[in-house]
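Work through the exercises below with the sequence and the structure in view. Try each task before reading its solution.

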Amino acid sequence: MQNILIIGADSTIGAHLKKHCDAHGKTVYGTTRHANRCTETTFFLDLLNPDAFHIPYHITIDTVVFCAAMSTIKECEENKEKSYQINVTSPITLATYLKNRFNPFMIFLSSNAVFNGSKPFCLETEPPCPINYYGQCKVETEKKLAKITNKLTILRMTKVLHPDHALIKKWIHDLKNGEKIYPFTDLMLAPISLDMVSTAIEKLSALKKSGIFHLSGKQDITYAELAKMIGKKINVNESLIIQTQDIEPNIKIYNSLATHNTQKILSLLSQHHENVFSDLF
Ligand SMILES: NC(=O)c1ccc[n+]([C@@H]2O[C@H](COP(=O)([O-])OP(=O)(O)OC[C@H]3O[C@@H](n4cnc5c(N)ncnc54)[C@H](OP(=O)(O)O)[C@@H]3O)[C@@H](O)[C@H]2O)c1
């Protein structure tokens, strides 16, 4: 029997993972920062006050998945002190507590933002080179966690697409109301689905294989291409989709990651964007 603790069970990935693990017969515990959502298996945790975190004495944990985070580049850039607390200091405090109490296998959800996006398919072995504060915090936490435990997987992911994704919902809403949208032609995504993420985490927690793993879509597509697919799917006039350049001419920002360990050890192949897209509707 595996006992999994999801730090941040209300997060998009954490909530999906909880359902996935429940369905696969695991014992799942979680954390929430909403006191009214606490139960016998869901414990209160505010990452701004991690010292107050406590797990009842009768409980045992063998895998911890770190999902809670300040998870947008913009919010991290605008709130550096708070994001450092939530994305670096508190996960390290928690990891230290959990290591001393349970010595569990830990899975830290990281991001392609540890790289600078100047080329596609960065390798697991490449040195990180983040260009934003969110990515810098991920790199720092990856390194600090590795000093606390060797029972650690760093799972770096590209963009996770799902029907509740804020940008997708806004595009669909605007297009259906006859409003124009302005997707970028130079910003790319290599999307993956929530099912893919939960499957990979479940496999990692079963195998307890330490190291760096990447999850990525099979290829980069532009946000403009994604918008066109959505426009076609909901049958709106293509003239509402105004392709826009975000950066300087001839520069593209890539999202994809090489997935050698994931393919070899987890036997998971990268997803084609059309398969991820079909889950959105
Ligand atoms: N989604 C992606 O495309 C993607 C890609 C690469 C990596 N990742 C990483 O994967 C992880 C999960 O991503 P996600 O998209 O599922 O995140 P998400 O939906 O944005 O959820 C973030 C969670 O963190 C919680 N949180 C924020 N501040 C907190 C605090 N002070 N104390 C306790 N909890 C706090 C939020 O709580 P509330 O629910 O109460 O607001 C929320 O549940 C993150 O580490 C993210 O960086 C995500």
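**Exercise 1: helix 3 and helix 4**

Helix 3 and helix 4 are roughly parallel to each other, because angles under 35 degrees count as roughly parallel, over 145 as roughly antiparallel, 65 to 115 as roughly perpendicular and the rest as oblique. The model is predicted: local features need pLDDT of at least 70, side-chain atom pairs count only at pLDDT 80 or more, and totals for chains, interfaces and linings use all residues. Residue numbers start from 1 along each chain as its sequence is written.

Task: state the angle at which helix 3 and helix 4 pack, and describe their contact.

Solution. Step 1: helices (H or I, at least four residues) and strands (E, at least two) are DSSP runs, numbered from the N terminus. Helix 3 covers residues 80-102 and helix 4 residues 133-148.

Step 2: two packed helices are described by the angle between their axes and the distance between the axes. Axes are lines fitted to C-alpha atoms, for helices over the stretch in contact, and angles run from 0 to 180 degrees between N-to-C directions. For helix 3 and helix 4 the angle is about 15°, and the axes are 10 Å apart.

Step 3: helix 3 passes helix 4 in a right-handed crossing. A crossing is left-handed if the near helix is turned anticlockwise from the far one by less than a right angle, and right-handed if clockwise.

Step 4: two residues are in contact if their C-beta atoms, placed from the backbone, lie within 7 Å. Residues of helix 3 including Y84, V88 and I92 meet residues of helix 4, among them C137, T141 and L145. The contact of helix 3 with helix 4 has nine nonpolar, four polar and four charged residues. Here Ala, Val, Leu, Ile, Met, Phe, Trp, Tyr, Cys and Pro count as nonpolar, Asp, Glu, Lys and Arg as charged, and the others, Gly among them, as polar.

**Exercise 2: helix 5 and helix 7**

Task: describe how helix 5 and helix 7 pack.

Solution. Step 1: helix 5 (residues 166-176) and helix 7 (residues 223-233) make an angle of about 50°, with axes 11 Å apart. Step 2: the two helices are therefore oblique to each other. Step 3: the crossing of helix 5 past helix 7 is right-handed. Step 4: I168, W171, I172 and L175 in helix 5 meet A227, I230 and G231 in helix 7. Six of the residues in this contact are nonpolar, one is polar and none is charged.

**Exercise 3: the sheet**

Task: give the strand order and find the edges of the open sheet of seven strands.

Solution. Step 1: the order is 3-2-1-4-5-6-10, with parallel pairing; two strands pair if DSSP finds at least two bridges between them. Step 2: strand 3 (42-44) and strand 10 (211-215) are at the edges with a single partner strand each, so one side of each has no neighbour in the sheet. Step 3: from one strand to the next, the twist averages 20°. Step 4: strand 4 (residues 63-66) and strand 5 pair over four bridges, and T63 stands opposite F105 in strand 5.

**Exercise 4: the ligand**

Task: how many residues surround the ligand, and which are the closest?

Solution. Step 1: a residue is near a molecule or strand if its C-beta atom, placed from the backbone, lies within 6 Å of it. Step 2: 23 residues surround the ligand, and S11, T12, I13, L47 and A69 are the closest. Step 3: helix 1 (12-23) and strand 5 (105-111) are the elements that give two or more residues to this shell. Helix 1 gives the most, with three residues. Step 4: by class, the shell has twelve nonpolar, seven polar and four charged residues.
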